[in-house]
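Please open the model in your viewer, with side chains available to switch on, and follow the stops below in order. Each stop says what to select and then what can be found there.

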Amino acid sequence: MSRAVSDGGENLNGSDVGGSRAPSHCSMDYRVSFPPKKSILQEFSGTLKDLFFAGDDPLRQYKEQPSWSKRVWLGLRNVFPVLEWGRHYTLGKFKGDFIAGLTIASLCIPQDIGYAKLAHLPPEIGLYGSFVPPLIYPLLGTSRDLAMGPMAVVALLLGTLLQKEIDPKTHPLEYKRLAFTATFFAGITQAALGFFRLGFIIEFLSHAAIIGFMGGAAIIIALQQLKGFLGIKNFTNNTDIVSVMKSIFKSAHHGWNWQTILIASSFLGFLLVTKYIGKKKKKLFWMSATAPLISVIVSTFFVYITRADKHGVAIVKNIEKGINPPSANLIYFSGPFVLKGFKIGAVAGLIALTEAIAVGRTFAGMKDYKLDGNKEMMALGTMNVVGSLTSCYVTTGGFARSAVNCMAGCKTAASNVVMSIVVLLTLLFLTPLFKYTPNAILSSIIISAVLGLIDYKAAYHIWKVDKLDFLACLGAFLGVVFSSVEYGLLIAVAISIAKVLLQATRPKTALLGNLPRTTIYRKIEQYPDVTTAPGMVIVQVDSAIYFTNSNYVKERILRWLEEEEERQRQQNFPQIEFLIVELSAVVDIDTSGIHALEELFRALKKSKIQLILANPGPTVIQKLRSAKFPELIGEDKISLTVGDAVKRFAPKAVDSV
């Protein structure tokens with residue numbers, strides 16, 4: 001009698017590696033079963049489904065609908081999530097969204113003006129980014145908490161990359177055109193990832209690398225704001241910490257303005273105190289949310305009545321009044337700047353996407369609702385494409401404003417619409433009031449905002465849990481701080497990919513032993529009290545066996561065998577006759593892996609040691625059968641569990657348990 005074994009190593013008689021059930025007294029002899037053979041089309045479609053749809057049938061929900069009208073409606077709801085949550089929208093939800101929208105508007109207006117300076121763009125373009133894109137996102141997005149708009153790190157990255165191609169001071173129009181072109185291609189990249197369900201690509205940028213990258217970028221942003229904080233006129237365009245500090249100290253004797261420093265330090269203290277109060281007392285979050293706008297109003301009024309601008313205090317001057325002008329005609333669709341715009345946009349788009357999805361998942365987990373990553377990509381991509389056509393640069397869902405949005409009591413993505421309307425009113429009527437806003441206050445607001453990106457607690461946690469992860473975090477951090485944003489990003493990606501390759505090419509293997517008075521086998525490293533069967537070595541492989549690691553797995557198993565032979569020889573145990581390879585964790589194997597097993601079999605045969613495979617999963621056993629491997633080693637040499645193999649080939653060892 002036979003029965004198939006599951007991938008998880010479950011055992012039908014209690015002697016598995018993965019379980020902890022008590023041994024069964026059933027005397028039936030279970031054998032490893034071969035699953036039904038699949039056609040090439042079935043295997044190919046199954047692989048594609050696992051790759052793009054996580055094993056789910058994307059058309060399943062449509063097949064269950066009885067009529068075409070319901071299928072069309074379901075399709076529209078799938079494309080436009082607003083049709084789903086909008087049907088259940090109530091006055092109570094609107095109250096929460098209204099308050100949240102007003103709150104994040106008070107935070108984003110001064111931030112947007114400052115972030116535009118990071119990107120070397122006019123201040124009104126920063127405000128444009130909080131008007132049009134937030135109107136698009138609620139139609140397509142699935143997050144209730146993400147608040148859309150410009151983000152400091154993306155603005156810095158965009159400004160750094162664009163500045164290397166065009167000087168924003170000497171060629172402002174061409175610079176703007178390249179910024180809109182990069183934004184267009186950022187949106188295309190994001191939407192394409194969502195449409196083709198390729199979101200797994202951004203997973204190559206690990207959480208640890210993002211922590212390091214964000215922390216490094218925060219420090220660079222804060223240091224660059226010392227230009228406005230100290231009132232320095234001539235400042236370096238480089239972003240590395242060495243160049244920035246040299247520029248600061250060179251101007252110490254003649255370039256600092258004490259009035260500017262007084263304004264900046266006073267309001268920075270105010271912003272940090274309100275932020276501290278908001279963190280300590282959650283009900284007072286509105287203090288930190290409204291503090292930037294209050295700072296702008298008070299400092300602007302102070303500069304106006306004292307005319308501090310005539311004493312060296314730099315001010316914003318004119319912010320262009322009116323809503324976003326169309327910019328489709330400014331985008332480079334031909335010429336040498338198309339490729340440059342695409343490269344810059346793709347990088348900025350991926351960073352913006354990674355930040356938004358990470359933040360969205362965080363709040364979705366807190367509030368226990370589902371976030372659809374592919375729909376988020378489509379929403380962000382569409383938002384940025386439309387933004388590029390309406391004079392916006394790359395926007396995304398940043399953590400700071402999204403956290404304020406959540407704490408302010410938002411219920412749906414409609415809070416973005418409220419914020420957008422407030423920004424619209426500001427663009428139409430209030431921009432002249434920002435004329436005397438000191439640049440120092442914008443620098444203080446940005447410094448206050450980006451300090452929250454330095455997550456030293458998360459970095460310490462990464463250090464405690466995984467030293468290799470911490471290396472990715474540290475590499476990204478140092479790359480940004482001592483070189484540039486793009487090199488820091490490159491280091492982060494390189495270390496993350498290197499970690500994946502290391503784990504793929506050097507999978508874990510371990511010796512197994514028997515837990516006394518049971519038929520359960522566990523790793524000797526984890527359970528020192530386990531016993532080993534004389535004349536037998538049991539090795540577990542903890543990874544799929546592919547061409548990248550097949551030779552390593554074979555050599556590592558042979559090294560385990562040599563070490564165990566030496567140990568058993570010292571204890572006067574009989575010569576080793578059997579090598580059991582436990583395969584419950586081997587979810588797949590390719591032809592190189594099978595070839596490695598064949599070489600292992602031949603090497604063992606020369607030493608008169610028999611090879612036994614235990615607990616292969618359905619994919620593995622199917623491929624082994626196709627390669628006629630069971631015929632090579634013998635059908636009886638493939639056992640359902642390690643316990644079965646030991647019982648069959650070393651019954652004396654079982655009797656001594």
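Begin by selecting D309 and R307, which form a salt bridge whose closest N and O atoms are 3.2 Å apart. Keep in mind from this first stop onward that the model is a predicted one. D309 is partly exposed, with a relative accessible area of 21%, and R307 is likewise partly exposed, at 29%.

**Further salt bridges**

In the whole structure, a search finds 15 salt bridges. Side chains of opposite charge can pair when their charged atoms come close. Select R77 and E84 next, and look for the closest N and O atoms of this salt bridge, which lie 2.7 Å apart. R77 counts as partly exposed at 24% relative accessibility, and E84 counts as partly exposed at 28%. Now add R87 to the selection, since R77, E84 and R87 are linked in a network of salt bridges.

Move on to helix 23, which spans residues 550-570, and show the side chains of R569 and E566. These two form a salt bridge in which the closest N and O atoms are 2.7 Å apart. How far apart are R569 and E566 in helix 23? They are three residues apart, and therefore separated by about one helical turn. R569 is exposed, with a relative accessible area of 53%, whereas E566 counts as partly exposed at 38%.

**Strand 5 and its partners**

Select strand 5, residues 536-541, and ask whether its residues are buried or exposed. Six of its six residues are buried, so that the strand is mostly covered. In a regular strand the side chains alternate between the two faces of the sheet. In strand 5 both of these faces are covered, with M536, I538 and Q540 buried on one side and V537, V539 and V541 buried on the other.

With strand 5 still selected, add strand 3, residues 509-514. Three bridges join strand 3 to strand 5, and the two strands run antiparallel. A useful pair to label here is L511 and V539, since L511 stands opposite V539 in strand 5.

Then add strand 6, residues 578-582, which is joined to strand 5 by five bridges and runs parallel to it. I538 stands opposite I580 in strand 6. If you trace the chain from strand 5, it passes through helix 23 on its way to strand 6, and this β-α-β crossover is right-handed.

**The cavities**

The structure holds two cavities of 30 Å³ or more. The largest cavity contains about 60 Å³ of space. Of the 13 residues that line it, the closest to its centre are L512, T532, M536, V537 and I538, so these five are the ones to select here. Strand 3 and strand 5 are the elements that give two or more residues to this lining, and strand 3 gives the most, with four residues. When the lining of the largest cavity is coloured by class, eight residues are nonpolar, four are polar and one is charged.

For the second largest cavity, which holds about 30 Å³ of space, select I545, S550, V553, K554, I557, G593, A596, L597 and L600, the residues that line it. The elements that give two or more residues to this lining are helix 23 and helix 24, the latter running from 591 to 606. By class, the lining of the second largest cavity has six nonpolar, two polar and one charged residues.

**Two residues with positive phi**

Most residues other than glycine have a negative phi. Where, then, is N572 placed? N572 lies in the loop between helix 23 and strand 6, and although it is not a glycine, its phi is positive, at about 60°. N572 is exposed, with a relative accessible area of 70%.

The last selection is K628, in the loop between helix 25 (618-626) and helix 26 (629-633). K628 also has a positive phi of about 60° without being a glycine, and at 53% relative accessibility it counts as exposed.

Technical notes: Residues numbered from 1 in each chain as written. Predicted model: local features only at pLDDT ≥ 70, side-chain atom pairs only at ≥ 80, totals over all residues. Heavy atoms only, no water. 1 Å grid on protein atoms, 1.4 Å probe; cavity = no way out; pocket = protein on both sides within 12 Å on 5 of 7 lines; lining within 4 Å. Points joined across faces, edges and corners; volume = space filled by probe spheres on them. Nonpolar A, V, L, I, M, F, W, Y, C, P; charged D, E, K, R; others polar. Buried < 20%, exposed > 50% of the residue type's maximum accessible area, 1.4 Å probe, protein only. Pairing = 2+ DSSP bridges. Right-handed = clockwise from strand over helix to strand, strands pointing away. Salt bridge = Lys/Arg side-chain N within 4 Å of Asp/Glu carboxyl O.
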